[in-house]
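This report describes one protein chain, starting from a single residue and its contacts and moving out to the chain as a whole. The sequence and structure come first.

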Amino acid sequence: LRERVLQKLVDQLRALLRASPGHNLRVMFPMIATLEEVRRSKALLAEARQEVLAAGFPVADNIQVGIMVEIPAAAQMADLFAKEVDFFSIGTNDLTQYTMAAERTSEKMAYLADPCHPAVVRQIKRVIEEGHKAGIWIGVCGEMAGDPEAAPVLLGLGLDEFSMAAPSIPHLKAILREWSYGNAKKLAEAVINLENGAAVREYVRNFRP
């Protein structure tokens, strides 16, 4: 089974590389928990690149490699992972679920599955800070990026890229235009010391610079 999975991954990497000429390719590996996993993934990408070139096909020069930060282990070791990749994309749905031990599809656990909980926000803060120290860019995908009460917090934490469903973009752009970076930074610095997600959301709604 493991070999079949690896072969499928290599096949997908070859397809990406074959389509890469003339484009800025970004390859992102999900569910990374250890440094060994990201190094092995990069090695498979390098092998696929050599195979594509050997077959006589060109490959783009500009290829960025990143990981999804969606497991607390990766968030806690962000300083080490940042030395291995070109970018982070924080998967807030899974990061929240695993941080709070709360299955997000469970109605009984829904009260815990709030990405605005300070335990989650603190991990996001760490990922962004360590990524920026290493000179890489940081994005967020998942429901949090399109959440009107969470977006100002992400802005204040220094997030570089918001990824969300297209229908959410106009509304979020309008909300973020109302925030200066300075005010958003003050907001983010305050909410990490609150007790729970509900308190964070209330603070955002009532924030006055």
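## Val 65 and its surroundings

Leaving out residues up to four places away in sequence, Val 65 touches Val 27, Phe 29, Lys 42, Leu 45, Val 85, Asp 86 and Phe 87. The model is predicted, and this holds for everything that follows. Val 65 lies in strand E2, which covers residues 63-69. Its relative accessibility is 9%, so Val 65 counts as buried, the limit being under 20%. One of the residues it touches is Lys 42; the C-alpha atoms of Val 65 and Lys 42 are separated by 7.7 Å, with their positions 23 residues apart along the chain.

Phe 29, another residue that Val 65 touches, is also in contact with Ser 41. Ser 41 touches Ile 32 as well, again not counting residues up to four places away in sequence. Ser 41 belongs to helix H2. With a relative accessibility of 10%, Ser 41 is classed as buried because the value is under 20%.

## The nonpolar core

The largest nonpolar core has 59 residues, and Phe 88, Ile 90 and Ile 124 are those with the most contacts inside it. Helix H2, residues 35-54, gives the most to this core, with 6 residues. In general, nonpolar side chains in soluble globular proteins tend to be buried together.

What does Ile 124 touch beyond residues up to four places away in sequence? The list consists of Ile 90, Thr 92, Leu 95, Met 144, Leu 154 and Leu 157. Ile 90 is thus a contact of Ile 124, and both are among the residues with the most contacts inside the core.

## Aromatic rings and a charge over a ring

In the whole structure, 3 aromatic pairs are found. One of them is the pair of Tyr 203 and Phe 207, which is tilted, with 6.1 Å from centre to centre and 45 degrees between the planes. Trp 179 joins Tyr 203 and Phe 207 in one aromatic cluster.

Which of the two paired residues is buried, and which is partly exposed? Phe 207 has a relative accessibility of 13% and therefore counts as buried. Tyr 203, at 32%, counts as partly exposed because the value falls between the limits of 20% and 50%.

Elsewhere, the charged end of Arg 18 sits over the ring of Phe 57, at 3.5 Å from the ring centre.

## Loop residues

Pro 21 is placed in the loop between helix H1 (2-18) and strand E1 (25-29). Apart from neighbours within four places in sequence, Pro 21 is in contact with Pro 58, Val 59 and Ala 60. Pro 21 and Ala 60 are 39 residues apart along the chain, and their C-alpha atoms are separated by 4.4 Å.

Two further loop residues have a positive phi. Met 31, in the loop between E1 and H2, has a phi near 50 degrees and is not a glycine. Ala 101, in the loop between helix H5 (92-100) and helix H6 (118-133), has a positive phi of about 50 degrees and is likewise not a glycine. For comparison, most residues other than glycine have a negative phi.

The relative accessibilities of these loop residues are as follows.

| Residue | Relative accessibility | Class |
|---|---|---|
| Pro 21 | 33% | partly exposed |
| Met 31 | 35% | partly exposed |
| Ala 101 | 62% | exposed |

Ala 101 counts as exposed because its 62% is over the limit of 50%.

## The chain as a whole

The chain contains 10 helices and 5 strands. Its C-alpha trace spans about 60 × 35 × 30 Å along the principal axes. The radius of gyration is 19 Å, which agrees with the value near 17 Å that a compact globule of 209 residues would have.

Of the 209 residues, 44% are buried. The accessible surface of the chain is about 11200 Å², and carbon and sulfur atoms account for 53% of that area.

How large a share of the contacts between residues at least 6 apart in sequence joins residues at least 24 apart? The share is 63%. The contact between Pro 21 and Ala 60 links positions 39 residues apart along the chain.

Terms used:
Residues are numbered from 1 along each chain as its sequence is written. This is a predicted model: local features need pLDDT of at least 70, side-chain atom pairs count only at pLDDT 80 or more; totals for chains, interfaces and linings use all residues. Side-chain values use heavy atoms; hydrogens and water are left out. A nonpolar core is a set of buried Ala, Val, Leu, Ile, Met, Phe, Trp, Tyr and Cys residues joined through side-chain atoms within 4.5 Å. Buried means under 20% relative accessible area, exposed over 50%, partly exposed in between (1.4 Å probe, protein chains only). Helices (H or I, at least four residues) and strands (E, at least two) are DSSP runs, numbered from the N terminus. Contact means heavy atoms within 4.5 Å. Rings of Phe, Tyr and Trp (its six-membered ring) pair if their centres lie within 6.5 Å; planes under 30 degrees apart count as stacked, over 60 as edge-to-face and the rest as tilted. A charge sits over a ring if NZ of Lys or CZ of Arg is within 6 Å of the ring centre and within 35 degrees of the ring normal. The radius of gyration is taken over C-alpha atoms; the globule rule is 2.2 Å times the number of residues to the power 0.38. Accessible areas come from the Shrake-Rupley method with a 1.4 Å probe; for residues, only the protein chains shown count as cover.
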